[in-house]
Amino acid sequence: MWLKRLLEEIGCVRDTPVPFYEDNRAVIDINECRMSSKRTRHVEVKFFCLREYVEQGHFEMHYVNTKKNPADALTKPLGGLKLKELLIDKYMVRQDNIDRN
């Protein structure tokens with residue numbers, strides 16, 4: 001949300017919701033379900049702010065397969081092959097640049 005506000009301050013106003021890609025179905029289900037259960041009672045109230053932002057039209061939740069999630073390159077330890085695939089497919093790095101190193 002802070003990035004959206006920063007962009008608005010410098011003149012980059014977005015009329016459509018920002019897509020929010022998630023590879024965890026449970027997060028999407030919790031966000032869409034208004035009721036809490038025994039499984040979700042441990043989730044702190046502050047984490048429900050995403051639900052409010054979606055309802056207000058700031059974000060849209062979308063599922064992305066974990067094998068195709070480009071955020072994994074920045075958030076998880078990856079094996080060489082998986083990292084190479086993500087760099088080529090999602091970050092548009094040329095293969096010959098990777099093979100040289």
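Which residue lies over the face of Y63? Select Y63 together with R25: R25 is the residue over the ring face, at 3.7 Å from the ring centre. Please keep in mind throughout this tour that the model is predicted.

**The aromatic residues**

Next, select F20, Y53 and F59, which form one aromatic cluster. A search of the whole structure finds two aromatic pairs. In one of them, the ring centres of F20 and F59 are 6.3 Å apart and the ring planes stand at 75°, so this pair is edge-to-face. The angle settles the matter because planes over 60 degrees apart count as edge-to-face. Now display the strands as ribbons. F20 belongs to strand β1 (residues 18–22), whereas F59 belongs to strand β2 (residues 59–63). The two residues are 39 residues apart, and their pair links distant parts of the chain.

Keep F20 and F59 selected and turn on the molecular surface. Is each of these residues buried or partly exposed? F20 has a relative accessible area of 28% and is partly exposed. F59, with a relative accessible area of 12%, is buried. The labels follow from the cut-off, because buried means under 20% relative accessible area.

**Helix α1 and the nonpolar patch**

Move to helix α1, which covers residues 2–9 and contains L7. Select W2, L3, L6, L7 and I10, and colour them on the surface. These residues make a nonpolar surface patch of about 540 Å². Within the patch, L7 counts as partly exposed, at 34% relative accessibility.

**Helix α2 and a contact to trace**

Select helix α2 (residues 25–32) and find I30 in it. I30 counts as partly exposed, with a relative accessibility of 29%. Then add F48 to the selection and draw a distance line between the two C-alpha atoms. I30 and F48 are 8.9 Å apart in space by this C-alpha to C-alpha distance, and 18 residues apart in sequence.

**The cysteines**

Finally, select C12 and C49. C12 counts as partly exposed at 45% relative accessibility, and C49 is also partly exposed, with a relative accessible area of 33%. How many disulfides does the structure contain? A disulfide is a covalent bond between the sulfur atoms of two cysteines. To be counted here, a pair of cysteine sulfur atoms must lie within 2.5 Å. By this rule, the count is zero disulfides.

Conventions
Residues are numbered from 1 along each chain as its sequence is written. This is a predicted model: local features need pLDDT of at least 70, side-chain atom pairs count only at pLDDT 80 or more; totals for chains, interfaces and linings use all residues. Side-chain values use heavy atoms; hydrogens and water are left out. Buried means under 20% relative accessible area, exposed over 50%, partly exposed in between (1.4 Å probe, protein chains only). Rings of Phe, Tyr and Trp (its six-membered ring) pair if their centres lie within 6.5 Å; planes under 30 degrees apart count as stacked, over 60 as edge-to-face and the rest as tilted. Helices (H or I, at least four residues) and strands (E, at least two) are DSSP runs, numbered from the N terminus. A charge sits over a ring if NZ of Lys or CZ of Arg is within 6 Å of the ring centre and within 35 degrees of the ring normal. Patches are made of residues with over 30% relative accessible area and no salt bridge: like charges are joined within 9 Å, nonpolar side chains (Val, Leu, Ile, Met, Phe, Trp, Tyr) within 5 Å. Accessible areas come from the Shrake-Rupley method with a 1.4 Å probe; for residues, only the protein chains shown count as cover. A salt bridge is a side-chain nitrogen of Lys or Arg within 4 Å of a carboxyl oxygen of Asp or Glu.
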